[in-house]
Amino acid sequence: MHAFDVLGDPVRRRILELLADGERPAGEVSAVVQEEFGISQPGVSQHLRVLRENGFTTVRAVGTRRLYAVDPTPLREIDRWLDRYRGFWTQRLDALGTEIARGRRERRRTDDERS
């Protein structure tokens, strides 16, 4: 499965968001996703399996618990792919930063003139 196919699903993106802060038990991830998306525990397990089989997560057993964590390798690959397109928005964000700074200077100047 292509990385964008894996990440195209909002449930899988949410699971990665939950795991971004660190390792979590499958039951905890499942409870959050079930509540937010209204899907069954087997449905969440299927999404965890897709993430694991496609290299986006790792899992380790601790007794009867399964702890999931993000594997950043495929995310780095996506980041490298996106690199060629960053120029489309980076330049605009830089221009926005310039306009914001200009507006702040104008407000300060106007405030100084009023004082």
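These are short questions and answers about the predicted model above.

Residues are numbered from 1 along each chain as its sequence is written, and side-chain values use heavy atoms, without hydrogens and water. In this predicted model, local features need pLDDT of at least 70, side-chain atom pairs count only at pLDDT 80 or more, and totals for chains, interfaces and linings use all residues.

Me: How many bridges join strand 2 and strand 3?
Reply: Strands (E, at least two residues) and helices (H or I, at least four) are DSSP runs, numbered from the N terminus. Two strands pair if DSSP finds at least two bridges between them. Strand 2 covers residues 57-62 and runs antiparallel to strand 3. Their bridges number six.

Me: Which residue in the turn between strand 2 and strand 3 has a positive phi?
Reply: The two strands form a hairpin. Two residues lie between them. The positive phi, about 65°, belongs to Gly63.

Me: Which residue in strand 3 stands opposite Arg24?
Reply: Strand 1 (residues 24-25) and strand 3 (residues 65-70) are antiparallel, joined by two bridges. Opposite Arg24 stands Tyr68.

Me: Which helix gives the largest share of the largest nonpolar core?
Reply: A nonpolar core is a set of buried Ala, Val, Leu, Ile, Met, Phe, Trp, Tyr and Cys residues joined through side-chain atoms within 4.5 Å. The largest one has 17 residues. Helix 1 (3-7), helix 2 (10-19), helix 3 (26-37) and helix 4 (41-53) each give two or more. The largest share, five residues, comes from helix 2.

Me: Why do the buried residues of helix 2 lie on the same side?
Reply: Buried means under 20% relative accessible area, exposed over 50%, partly exposed in between (1.4 Å probe, protein chains only). In helix 2 the buried residues are Val11, Arg12, Ile15, Leu16, Leu18 and Leu19. They share a side because their arc, taken from the directions from the helix axis to the C-beta atoms, is only 160°.

Me: Which residue caps the N-terminal end of helix 2?
Reply: A side-chain oxygen of the capping residue lies 2.7 Å from the backbone nitrogen of Val11. That residue is Asp9.

Me: Is Thr57 buried or exposed?
Reply: Thr57 sits in strand 2. Contact means heavy atoms within 4.5 Å, and beyond four places in sequence Thr57 is in contact with residues including Leu16, Leu48 and Tyr68. Its relative accessibility is 4%, so Thr57 counts as buried.

Note on methods. Polar contact = N/O pair within 3.5 Å; in protein donor to acceptor, adjacent residues only side chain to side chain.
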